[in-house]
Amino acid sequence: MPKTIVGLDIGRAAVRAVELENADKPRPTIVRAHEVPLPDGAVAAGDVRELQTVASAVRKLWGEGGFKSKDVVLGVGNQRVIARDLTMPKLGTLQQIREALPFQVQEMLPVPVGEALLDFYPISESAGEHGPVVNGMLIAAIKESVLANVKAVQTAGLTALNVDLVPFALVRALARGPIASATVVLVEIGAATTHLVVVADGVPQFVRMIPSGGDDITRALMQRLELSSAQAESLKASRGLGLTPPSSELEHVGAEVIRGVVHELVNGIRNTLQYYVTLRPGQPLQAILLSGGGSQLPGLAQSLGDTMRLQVVAPNVLSTFDVAKSAQKAAGALQSHTVALGLAVGQAA
Ligand SMILES: Nc1ncnc2c1ncn2[C@@H]1O[C@H](COP(=O)(O)OP(=O)(O)OP(=O)(O)O)[C@@H](O)[C@H]1O
Ligand SMILES: [Mg+2]
């Protein structure tokens, strides 16, 4: 049996995994995919808070999903991960540039260099004032929070082969087929975090994480209307931005609350992207690829498209991946597994 690899996405609302065969080939095969919901509080703002709860959800994920491999690639991408433009002198190899990072970037970090995991992602090369430079992205994650994810996975009996940034996983899952040669923005709205990635010709150009998502709407509904979390979730999913006339006062006020929170989120996305557009006027955005559970809110895609004056499309992972018989049942849910899928893509099993 060919070796496989699993991408494991530990989200606020669920743990999800996708197992790939031929992960490092142009057209990998999805052999298994599954998700297990997480209770509130187990993961907060992208950090594992309750190790045992998460580990047992991951064990359950393996049990129910029938994953064959124990080798996983984990995602990091919480609000404490920093992605910033950085230009480094081109002194030697990429490895040497990476080794020089701790001496160059302290002032860009909110924590001491020793508490961060640093990486550099090159985008282009140019001539600087004092010689050739590499323009790229600095990625800095808090060691402690990455290690907590790794620990949860090890406690569940798995091996973390690699850890990668969630936005890069999104690029590998979605910037494929015709999208691989376009300039688009990937917007993944989760429960607690919204990821933005501008990708041009398959190369990530700009990465930002906004600390809000679908849960902000739920919380606002709970507070304003004194609802339980289940009631608020149900009102949110059924009413969305209130595209149909409300049939009760609750629905009326609910729609107003939802609109307020969505307005803030959409404006946050717009302002963040505005910064990018100003930075690179020659590289206009062609479309938004919208994913993540939070993007399911009725009316949200339309609202985002109107605000950004861009076409919004839902990614179709089935057009660029093969799906094995063993994963047919999960195929309908694959749209919500983009992060887990992308974490496995490109990895040698
Ligand atoms: N049909 C729907 N309508 C509105 N909101 C929805 C719908 N389905 C899911 N959501 C919301 O999507 C969010 C969960 O999204 P997702 O599963 O992508 O989050 P996550 O990956 O676990 O979290 P994060 O990435 O922030 O750590 C929740 O806030 C949930 O209420
Ligand atoms: Mg997520």
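In this predicted model, an oxygen atom of ligand 1 lies 3.5 Å from a polar backbone atom of Ala14. Two side chains also make polar approaches to oxygen atoms of the ligand, that of Arg16 at 2.4 Å and that of Glu233 at 2.5 Å. These contacts are set out below.

| Residue | Atom of the residue | Distance to an oxygen atom of ligand 1 |
|---|---|---|
| Ala14 | polar backbone atom | 3.5 Å |
| Arg16 | polar side-chain atom | 2.4 Å |
| Glu233 | polar side-chain atom | 2.5 Å |

On its own, ligand 1 has 660 Å² of accessible area, of which the protein covers 82%. The space that the ligand takes is the largest pocket, and the elements that contribute two or more residues to the surrounding shell are strand 2 (14–21), helix 5 (214–225) and helix 6 (229–239). Helix 6 supplies the largest share of that shell, namely three residues.

There are 20 residues around ligand 1, and those that come nearest are Ala13, Arg16, Ala192, Glu233 and Lys236. By residue class, the shell divides into seven nonpolar, eight polar and five charged residues.

Turning to charge pairing within the protein, side chains of opposite charge can pair when their charged atoms come close. The structure holds 13 salt bridges, one of which joins Asp40 to Arg12, with 3.4 Å between the closest N and O atoms. This pair links distant parts of the chain, 28 residues apart, since Asp40 sits in the loop between strand 3 (29–37) and strand 4 (43–44), whereas Arg12 sits in the loop between strand 1 (4–10) and strand 2.

Key:
Residues numbered from 1 in each chain as written. Chains lettered and ligands numbered in written order. Predicted model: local features only at pLDDT ≥ 70, side-chain atom pairs only at ≥ 80, totals over all residues. Heavy atoms only, no water. Near = heavy atom within 4 Å. Polar contact = N/O pair within 3.5 Å; in protein donor to acceptor, adjacent residues only side chain to side chain. Areas by Shrake-Rupley, 256 points an atom, 1.4 Å probe, with all protein chains shown as cover. 1 Å grid on protein atoms, 1.4 Å probe; cavity = no way out; pocket = protein on both sides within 12 Å on 5 of 7 lines; lining within 4 Å. Sits in = over half its atoms within 2 Å of the grid points. Helix = DSSP H or I, 4+ residues; strand = E, 2+ residues; numbered from the N terminus. Nonpolar A, V, L, I, M, F, W, Y, C, P; charged D, E, K, R; others polar. Salt bridge = Lys/Arg side-chain N within 4 Å of Asp/Glu carboxyl O.
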